[in-house]
There are 2 protein chains.
Amino acid sequence: MNSTEPIILITNDDGITAPGIRALIEAVKDLGKVVVVAPDSPQSGMGHAITIGSPLRLDKVDLFEGIEAWQCSGTPVDCVKLAKDKILHKRAHICLSGINHGANHSINVIYSGTMSAAMEAAIEGIPSIGFSLLDYKYNADFTLAKKVVREITERMLARTMPEHTLLNVNIPNVKENLYRGMKICRQAYAKWAEDFEQRTDPRGKHYYWMTGKFINMDKHSGTDVEALQEGYTSVVPVKIDFTDDKMKEWLEMEWKDWAKMP
Amino acid sequence: MNSTEPIILITNDDGITAPGIRALIEAVKDLGKVVVVAPDSPQSGMGHAITIGSPLRLDKVDLFEGIEAWQCSGTPVDCVKLAKDKILHKRAHICLSGINHGANHSINVIYSGTMSAAMEAAIEGIPSIGFSLLDYKYNADFTLAKKVVREITERMLARTMPEHTLLNVNIPNVKENLYRGMKICRQAYAKWAEDFEQRTDPRGKHYYWMTGKFINMDKHSGTDVEALQEGYTSVVPVKIDFTDDKMKEWLEMEWKDWAKMP
């Protein structure tokens with residue numbers, strides 16, 4: 001290892017055997033020293049979960065030629081925490097998470113293990129990016145996605161980024177001749193309308209499967225959902241301070257008879 | 001049930017048998033029609049996890065006198081989703097989550113199942129509050145916390161709140177004579193320094209327990225951590241749009257040669 005090489009920490013939430021993480025590694029492996037620490041099983045929808053009540057396993061695996069790789073029994077966030085404390089012993093220069101099989105735009109930033117892993121690294125002060133391709137299929141075509149990953153990673157490594165830089169990057173599922181480039185966006189206001197499917201087990205007891213329909217409630221322009229529909233890659237910078245400043249002002253006014261101000 | 005009564009959805013992440021949720025119910029049960037939907041096991045640190053890959057159980061239980069209550073095999077966010085789709089069939093007027101045994105101030109908002117449940121309800125447009133008491137003990141004293149819960153819930157029910165109102169309320173572990181009241185705050189910048197403890201199992205293989213030390217990196221005033229140290233209840237309004245507007249402006253400037261603007 002060249003000591004001037006940047007350390008690139010790679011993780012995901014689809015698990016270490018997913019084609020998406022292999023595509024991510026291939027896209028950036030010559031840009032620095034790549035270290036992979038990823039879940040040993042699919043962890044989609046795990047959000048920012050951490051493992052408190054049970055112990056974690058961490059095992060070195062030989063899956064990617066010439067690349068140091070570890071699989072972990074925990075969540076994507078556990079992977080980032082273990083990578084820092086038990087594997088790297090120092091701060092990575094950049095953390096890349098993905099490439100997720102399926103969209104993580106709009107409100108999905110909070111359900112997504114891919115984005116939560118990147119967020120965990122950003123809390124540590126590591127510039128981080130979560131990459132997602134709008135194709136849920138196992139055998140999705142990552143050709144365009146790999147080019148996007150490389151372009152953005154090169155940009156991020158080329159200069160010092162602001163503290164706690166965290167980008168949510170979604171790549172449209174389009175042919176390259178229809179691809180329109182990159183767009184800086186804001187998170188669309190959207191939600192999932194769940195419709196749990198009720199079934200009955202062989203003992204006559206009910207159980208429920210979560211199903212859901214995505215609803216974009218955002219009628220204004222400039223959103224990630226809109227950019228993706230137009231054939232752009234959406235880039236949404238994400239905060240790790242969730243304070244609602246407008247609501248804070250409102251409360252300071254409305255509750256001033258009662259609550260102390262800062 | 002009186003049809004003009006507000007519907008109060010109650011959940012938590014410590015599980016339906018935790019004393020904290022019982023304290024929460026007792027504090028507000030005469031303010032409306034209370035419906036409890038909470039995890040059947042402890043779910044601390046589950047963040048915004050949802051259950052996709054396995055089915056969910058939902059069972060009516062008789063735990064709180066005169067109160068409709070359900071236990072769910074899933075995460076706190078699953079509870080809120082199931083409550084809406086399978087139990088209430090309409091929008092609750094308010095969602096209360098907690099009272100959590102232990103702090104959820106500062107960065108803990110993203111790890112906490114208590115706050116994630118409240119956030120899920122806020123995405124649905126239900127004014128929501130996560131309550132936490134700074135005492136991890138099972139037999140924590142919720143006397144002061146119950147008064148705080150009641151005060152804030154009454155305020156929230158008394159008037160129409162802004163859309164997507166979500167409050168992170170932490171209550172200090174102090175005697176009532178040292179308690180100083182409520183303070184509107186911002187989220188402190190803090191993080192956890194993990195130090196995984198390595199052990200060896202009977203077969204000679206390593207495993208790891210997550211341990212961690214909380215570090216407040218925020219030297220400025222006006223934070224929730226500061227208010228709690230001074231003996232105040234901290235009230236932090238939380239956003240569900242995580243777009244980093246400052247970083248967005250920075251990218252629009254720095255990457256203008258390359259990325260399209262909104």
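## Close-ups of a two-chain predicted model

**Figure 1. Where chain A meets chain B.** In this predicted model, 68 residues of chain A are in contact with 67 residues of chain B. On the side of chain A that touches chain B, the elements giving two or more residues are H2, H3, S8, strand S9 (190–194), strand S11 (206–209), S13 and helix H6 (245–254). H6(A) chips in with the largest share, five residues. Sorted by class, that side of chain A has 39 nonpolar, 13 polar and 16 charged residues.

**Figure 2. How the two copies are related.** A turn of 180 degrees, with a shift of 0.0 Å along the axis, lays chain A on chain B with an RMSD of 0.0 Å. The two copies are thus related as by a two-fold rotation axis. As for the contact surface, 99% of the interface residues of chain A are also interface residues in chain B, so the copies meet through the same surface.

**Figure 3. The nine-stranded sheet of chain A.** Here's the open sheet, with its nine strands in the order S3-S4-S2-S1-S5-S6-S7-S13-S8 (chain A) and mixed pairing. Strand S3 (58–61) and strand S8 (181–184) of chain A sit at the edges; each has a single partner strand, so one side of each goes without a neighbour in the sheet. Ignoring direction, neighbouring strands of this sheet are turned by 20 degrees against each other on average.

**Figure 4. Zooming in on S6 and S7 of chain A.** Strands of a sheet pair through backbone hydrogen bonds, in either a parallel or an antiparallel sense. Strand S6 (residues 128–133) and strand S7 (residues 166–171) of chain A go for the parallel sense, pairing over six bridges. For a spot to look at, try Phe131(A), which stands opposite Val169(A) in S7(A).

**Figure 5. Two helices lying across the strands of chain A.** Helix H2 (residues 76–88) of chain A lies across strand S1 (7–11), strand S2 (33–39), S3, strand S4 (68–72) and strand S5 (94–101) of chain A. H2(A) runs at about 135 degrees to S2(A). Helix H4 (residues 143–158) of chain A, in turn, lies across S5, S6, S7 and strand S13 (232–237) of chain A. The angle of H4(A) to S5(A) is about 165 degrees.

**Figure 6. H2 against H3 in chain A.** H2(A) and helix H3 (residues 113–123) of chain A pack with their axes 8 Å apart, at an angle of about 30 degrees. H2(A) and H3(A) are therefore roughly parallel to each other, and H2(A) passes H3(A) in a right-handed crossing. From H2(A) come Pro76(A), Val77(A), Cys79(A), Val80(A) and Lys81(A), meeting Gly113(A), Thr114(A), Ser116(A), Ala117(A), Glu120(A) and Ala121(A) of H3(A). By class, this contact of H2(A) with H3(A) has six nonpolar, three polar and two charged residues.

**Figure 7. H1 against H4 in chain B.** Over in chain B, the axes of helix H1 (residues 19–28) and helix H4 (residues 143–158) come within 9 Å and cross at roughly 50 degrees. That angle makes H1(B) oblique to H4(B). The crossing of H1(B) past H4(B) is right-handed. H1(B) makes the contact through Ala23(B), Leu24(B), Glu26(B), Ala27(B) and Val28(B), while H4(B) uses Ala145(B), Lys146(B), Val149(B), Arg150(B) and Thr153(B). Class by class, the contact of H1(B) with H4(B) has six nonpolar, one polar and three charged residues.

Conventions: Residues are numbered from 1 along each chain as its sequence is written. Chains are lettered from A and ligands numbered from 1 in the order in which they are written. This is a predicted model: local features need pLDDT of at least 70, side-chain atom pairs count only at pLDDT 80 or more; totals for chains, interfaces and linings use all residues. Two strands pair if DSSP finds at least two bridges between them. Helices (H or I, at least four residues) and strands (E, at least two) are DSSP runs, numbered from the N terminus. Axes are lines fitted to C-alpha atoms, for helices over the stretch in contact, and angles run from 0 to 180 degrees between N-to-C directions. Two residues are in contact if their C-beta atoms, placed from the backbone, lie within 7 Å. Copies are superposed by least squares on the C-alpha atoms of residues with pLDDT of at least 70 in both. Angles under 35 degrees count as roughly parallel, over 145 as roughly antiparallel, 65 to 115 as roughly perpendicular and the rest as oblique. A crossing is left-handed if the near helix is turned anticlockwise from the far one by less than a right angle, and right-handed if clockwise. Ala, Val, Leu, Ile, Met, Phe, Trp, Tyr, Cys and Pro count as nonpolar, Asp, Glu, Lys and Arg as charged, and the others, Gly among them, as polar.
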